[in-house]
Amino acid sequence: MALDPLRDGHGRSIGDLRVSVTDRCNFRCQYCMPAEGLRWLEREQILTFEEITRLVALLSSMGVHDVRLTGGEPLVRRGFPRLAAMLADLPDVRELSVTTNGFLLERDAEALVRAGIDRFNVSVDSLQRDRFYQLTRRDALPQVLRGLERLASFPEAHPIKINAVAIRGFTEEEVLPFVQLARRTPYEVRFIEFMPLDGDRAWSEESVLTGAEIRALVQAVHPLEPCGREPHATARVYRFADGPGKIGFINPVSEPFCADCNRIRLTAEGRLRTCLFSLHETDLRSPLRAGASDAELERIIRQAVWRKELKHHVGEPGFIQPARTMSAIGG
Ligand code: SAM
Ligand code: SF4
């Protein structure tokens with residue numbers, strides 16, 4: 001049954017949910033996790049597939065139609081394709097997508113496509129094996145590229161997006177190889193500005209290589225033309241004027257898109273977060289496990305979402321980095 005749309009106190013309708021299905025990961029990307037990993041949640045702390053499905057069913061009936069599964073690394077959660085199938089079956093979920101580091105895609109791409117995943121984002125920060133290792137602390141580029149190839153063999157998985165975090169002093173050298181990839185394959189490459197959500201707390205404003213800077217590097221070689229921007233889209237997408245292919249820029253630091261933000265997040269242990277940079281979160285697991293009705297859960301969710309932050313304060317004096325890393329939030 002369709003419920004009233006979910007809105008926040010600033011007049012924004014919420015239509016997009018990121019669900020973290022695990023806090024664990026098989027990589028240790030420098031901009032996300034510390035080298036030694038983090039203290040993982042215990043199994044009983046993590047929402048079961050049935051609990052996730054119940055919350056997604058409720059949220060989607062409030063107009064949250066776009067659902068992205070993430071983590072940690074979602075594909076390390078045992079039985080993940082079964083969860084994907086349970087969510088794909090929900091009548092109010094219109095687009096179901098996954099963000100993955102690609103390491104297990106060679107094994108799981110087929111099962112996930114068959115389960116009903118509509119879109120895939122694969123994170124790749126370098127196309128050179130040694131530099132990929134440096135950033136992710138795993139010598140895994142060949143395995144990730146094999147996973148991408150496997151995924152690309154399913155036409156229903158296209159267009160496939162490749163996300164690269166843009167870090168000053170590292171990513172400059174990656175820009176043109178990624179441009180060539182975007183021009184010669186169907187992959188749309190998107191650069192995401194480095195955000196202060198890293199386990200090492202090494203982020204500084206200077207370490208962000210901005211979308212505008214990368215665009216200038218690309219423009220010097222290949223002219224770009226802007227594509228139209230879809231409502232709530234976080235990426236500014238350009239096509240190459242002199243050939244096929246697209247490239248996108250997600251600029252949360254240099255050009256925040258908070259005014260247009262329609263997104264909420266559910267952590268692996270069932271906490272609702274209304275902003276990536278929230279310092280406050282709402283526990284949904286306790287009421288869920290205490291037997292709350294859908295109406296009670298709906299009331300808790302509406303109250304939390306009403307208080308959604310107007311904007312993030314990255315780069316402003318007094319900004320406080322959340323205790324959680326990106327991997328523990330669900331990026
Ligand atoms: N493990 C999966 C992956 O890497 O695709 C999914 C989870 S990961 C936290 C989701 C996305 O967040 C990835 O594209 C990753 O590159 C990005 N990310 C992680 N830490 C980030 C940071 N500090 N700034 C910007 N993006 C970040
Ligand atoms: Fe793992 Fe993704 Fe974080 Fe890298 S960005 S450590 S792959 S969760």
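The following questions and answers go through the ligand surroundings, the pocket and cavity, and four single residues of a predicted model.

Trainee: Which residues come nearest to ligand 1?
Mentor: The surroundings of ligand 1 comprise 16 residues. Contact by polar atoms can be followed separately, but the nearest ones are listed by name. They are Tyr31, Gly72, Glu73, Ser123 and Met195.

Trainee: How far is a backbone N or O atom of Tyr31 from a nitrogen atom of ligand 1?
Mentor: Tyr31 is among the residues that come nearest to ligand 1. Its backbone supplies an N or O atom facing a nitrogen atom of the ligand in this pair, and the polar backbone atom of Gly72 is 3.0 Å from a nitrogen atom of ligand 1. For Tyr31 the distance is 2.8 Å.

Trainee: Which residue has a polar side-chain atom 2.5 Å from an oxygen atom of ligand 1?
Mentor: For Tyr31 the atom in question belongs to the backbone, and for Gly72 it is likewise a polar backbone atom. The side-chain atom paired with an oxygen atom of ligand 1 belongs to Ser123.

Trainee: How many charged residues are in the shell around ligand 2?
Mentor: The shell consists of Cys25, Phe27, Cys29, Tyr31, Cys32, Met33, Gly72, Asn101 and Ser327. Six of these residues are nonpolar and three are polar. The number of charged residues is therefore none, given that Asp, Glu, Lys and Arg are the ones classed as charged.

Trainee: How many charged residues line the second largest pocket?
Mentor: This pocket holds about 450 Å³ of space. Its lining has 15 residues, with Arg24, Arg43, Ile46, Arg77 and Arg78 nearest the centre. By class there are five nonpolar and two polar residues, and the charged ones number eight.

Trainee: Which element gives the most residues to the lining of the largest cavity?
Mentor: The structure holds one cavity of 30 Å³ or more, and the space in the largest is about 30 Å³. Its lining is made of Gly211, Ala212, Arg215, Arg236, Tyr238, Phe249, Asn251 and Glu255. Helix H7 (211–219) and strand E8 (235–240) each supply at least two of them. With three residues, the element that gives the most is H7.

Trainee: Is Ser207 buried or exposed?
Mentor: Ser207 sits in the loop between strand E6 (188–193) and H7. Beyond four places in sequence, it touches Ala166, Ile167, Arg168 and Phe194, and its side chain reaches the backbone oxygen of Ser204 at 2.5 Å. Its relative accessibility is 13%, and the cut-off is under 20%, so Ser207 counts as buried.

Trainee: Why does Asp283 count as partly exposed?
Mentor: Asp283 belongs to strand E12 (residues 282–283). Leaving out residues up to four places away in sequence, it touches Gly270 and Arg271. Partly exposed covers the range between under 20% and over 50%, so Asp283 falls there because its relative accessible area is 24%.

Trainee: Which side chain makes a polar contact of 2.4 Å with the side chain of Asp283?
Mentor: One partner of the Asp283 side chain is the backbone nitrogen of Arg285, at 3.0 Å. That pair involves a backbone atom, whereas the contact of 2.4 Å joins two side chains. The second side chain is that of Ser286.

Trainee: How far apart are the C-alpha atoms of Val19 and Gly330?
Mentor: Val19 is in strand E1 (residues 16–20), and at 0% relative accessibility it counts as buried. Not counting residues up to four places away in sequence, it touches Ile52, Val56, Val67, Arg68, Leu69, Thr70 and Leu266. Gly330 is 311 residues away along the chain, yet the C-alpha separation is 6.6 Å.

Trainee: What joins the side chains of Asp108 and Arg107?
Mentor: Asp108 is placed in helix H3 (residues 105–115). At 7% relative accessibility it falls under 20%, so Asp108 counts as buried. Its side chain and that of Arg107 are joined by a polar contact of 2.9 Å.

Terms used
Residues numbered from 1 in each chain as written. Chains lettered and ligands numbered in written order. Predicted model: local features only at pLDDT ≥ 70, side-chain atom pairs only at ≥ 80, totals over all residues. Heavy atoms only, no water. 1 Å grid on protein atoms, 1.4 Å probe; cavity = no way out; pocket = protein on both sides within 12 Å on 5 of 7 lines; lining within 4 Å. Points joined across faces, edges and corners; volume = space filled by probe spheres on them. Helix = DSSP H or I, 4+ residues; strand = E, 2+ residues; numbered from the N terminus. Near = heavy atom within 4 Å. Buried < 20%, exposed > 50% of the residue type's maximum accessible area, 1.4 Å probe, protein only. Polar contact = N/O pair within 3.5 Å; in protein donor to acceptor, adjacent residues only side chain to side chain. Contact = heavy atoms within 4.5 Å.
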